[in-house]
Amino acid sequence: MDEKIAVAIDGPAAAGKSSIAKALAEKFGYIYVDTGALYRAVAFFASESGIDTQDEKKVAECLKGLKISLEYKNGNQRVIVNGKDVSEIIRLPKMSMAASDVSKIKEVRAFLLDLQRDLAKNNNVIMDGRDIATVILPDAKYKFFLTASPEIRAKRRFLEFKEKGIEKDYDSLLKETKKRDYNDSNREIAPLKPHKDAIIVDSSDMTFDEVVRYMARRMEDQ
């Protein structure tokens with residue numbers, strides 16, 4: 001069996017990881033794995049079960065009744081929770097902070113670890129998240145840390161929500177972005193930080209296409 005290639009893209013919320021990873025996956029013919037969607041799926045299941053996502057004990061207990069799988073249709077990742085496609089509903093704004101809550105829970109991270117590693121073992125993957133290079137795939141051939149200023153990321157989220165017809169206040173989004181950064185960077189389990197070998201990409205002053213070209217070039221040069 002040919003050795004599979006893994007690309008790890010870490011970074012804070014709303015840095016553009018998913019969009020960039022999708023574009024690179026399409027360019028290189030790899031499978032794109034959005035790990036953030038997995039944590040959103042856990043948060044969704046807990047919420048639907050009437051569990052406060054900050055109640056670590058109850059969230060951990062509810063994992064016994066949870067089965068998550070990923071399916072790929074026309075190159076797009078679909079998230080299946082206990083047989084139900086939840087790909088759209090987990091993208092609702094309220095799921096963002098809930099996902100941040102459950103991502104702090106060690107039982108949740110252990111629950112998802114094997115699923116993520118199995119995908120990389122059996123496929124060429126581009127995987128994005130908070131701890132892909134530092135924890136999930138430390139041997140990934142290519143490691144990137146994609147970031148941008150909180151203000152730029154909040155503005156991007158504002159425009160994204162506006163395009164979807166969702167009304168959100170920019171100032172509240174900026175506050176939420178900074179809070180998410182703090183939570184992700186200061187959690188006890190797998191805090192957000194660049195891998196020592198990661199290529200840092202600050203997209204604050206770059207267009208989408210410029211970021212894709214830069215990262216693709218770095219992959220082709222290594």
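User: In this predicted model, which residue in E5 stands opposite Val81?

Analyst: The model is a prediction. Strands E4 and E5 run antiparallel and are joined by 2 bridges. One bridge partner pair across these strands is Ile80 with Asp85 in E5. Opposite Val81 in E5 stands Lys84.

User: Which residue in the turn of the hairpin formed by E4 and E5 has a positive phi?

Analyst: The E4–E5 hairpin has 2 residues between its strands. The loop between strand E4 (76–81) and strand E5 (84–85) holds Asn82. A phi of about 50° is positive, and the residue that has it is not a glycine. The residue in the turn is Asn82.

User: Is Asn82 buried, partly exposed or exposed?

Analyst: The relative accessibility of Asn82 is 40%. Buried requires under 20% and exposed over 50%. Because 40% falls in between, Asn82 counts as partly exposed.

User: Where does E4 stand in the order of the antiparallel open sheet of 3 strands, and which are the edge strands?

Analyst: The order of this antiparallel sheet is E3-E4-E5, which places E4 between E3 and E5. An edge strand pairs on one side only. The edge strands are E3 and E5.

User: How many bridges pair strand E3 with E4?

Analyst: Strand E3 (residues 68–73) pairs with E4 in the antiparallel sense. Within this pairing, Tyr72 has Gln77 in E4 as its bridge partner. The two strands form a hairpin with 2 residues between them, and Asn74 in the turn has a positive phi of about 55°. The number of bridges between E3 and E4 is 6.

User: Why is E4 described as largely enclosed by the rest of the structure?

Analyst: A residue counts as buried under 20% relative accessible area. E4 has 6 residues, and the description rests on how many of them are buried. E4 is largely enclosed because the buried ones number 5 of the 6.

User: At what angle to E4 does H2 run?

Analyst: H2 lies across E3, E4 and E5. This helix also lies across E2 and E6, where its angle to E2 is about 40°. Its angle to E4 is about 25°.

User: At roughly what angle do the axes of helices H2 and H4 cross?

Analyst: Helix H2 (residues 35–48) and helix H4 (residues 94–102) have axes that come within 8 Å. The crossing makes H2 roughly perpendicular to H4. The angle is roughly 100°.

User: How many nonpolar residues does the contact of H2 with H4 have?

Analyst: From H2, the residues in the contact are Tyr39, Arg40, Val42, Ala43, Phe44 and Ser47. They meet Met95, Ser96, Ala98, Ala99 and Val102 in H4. By class, the contact has 2 polar residues and 1 charged residue, while the nonpolar residues number 8.

User: What is the strand order of the open sheet with parallel pairing?

Analyst: This sheet has 5 strands. Its edge strands are strand E2 (31–34) and E8, each pairing on one side only. Neighbouring strands are turned by 20° against each other on average, direction ignored. The order is E2-E6-E1-E7-E8.

User: Which strands of this sheet does helix H1 touch?

Analyst: Helix H1 (residues 17–28) packs on the sheet. Its direction makes about 175° with that of E6. The strands touched are strand E1 (6–10), E2, strand E6 (125–129) and E7.

User: Which residue in E8 stands opposite Phe145?

Analyst: Strand E7 (residues 142–147) and E8 pair in the parallel sense over 4 bridges. Opposite Phe145 in E8 stands Ile200.

User: Is Tyr30 buried or exposed?

Analyst: Tyr30 lies in the loop between H1 and E2. Leaving aside neighbours within four places in sequence, its contacts are Ile5, Val7, Ala25, Asn124, Val125, Ile126 and Met219. Its relative accessibility is 15%. Because the cut-off is under 20%, Tyr30 counts as buried.

User: Which residue in the loop between helix H8 and strand E8 has a positive phi of about 45°?

Analyst: The loop runs between helix H8 (170–186) and strand E8 (199–202). The residue is not a glycine, although its phi is positive. At 15% relative accessibility, this residue counts as buried. The residue is Ala190.

Note on methods: Residues numbered from 1 in each chain as written. Predicted model: local features only at pLDDT ≥ 70, side-chain atom pairs only at ≥ 80, totals over all residues. Heavy atoms only, no water. Axes fitted to C-alpha atoms, helices over the stretch in contact; angles between N-to-C directions. Parallel < 35°, antiparallel > 145°, perpendicular 65-115°, else oblique. Contact = heavy atoms within 4.5 Å. Nonpolar A, V, L, I, M, F, W, Y, C, P; charged D, E, K, R; others polar. Buried < 20%, exposed > 50% of the residue type's maximum accessible area, 1.4 Å probe, protein only. Pairing = 2+ DSSP bridges.
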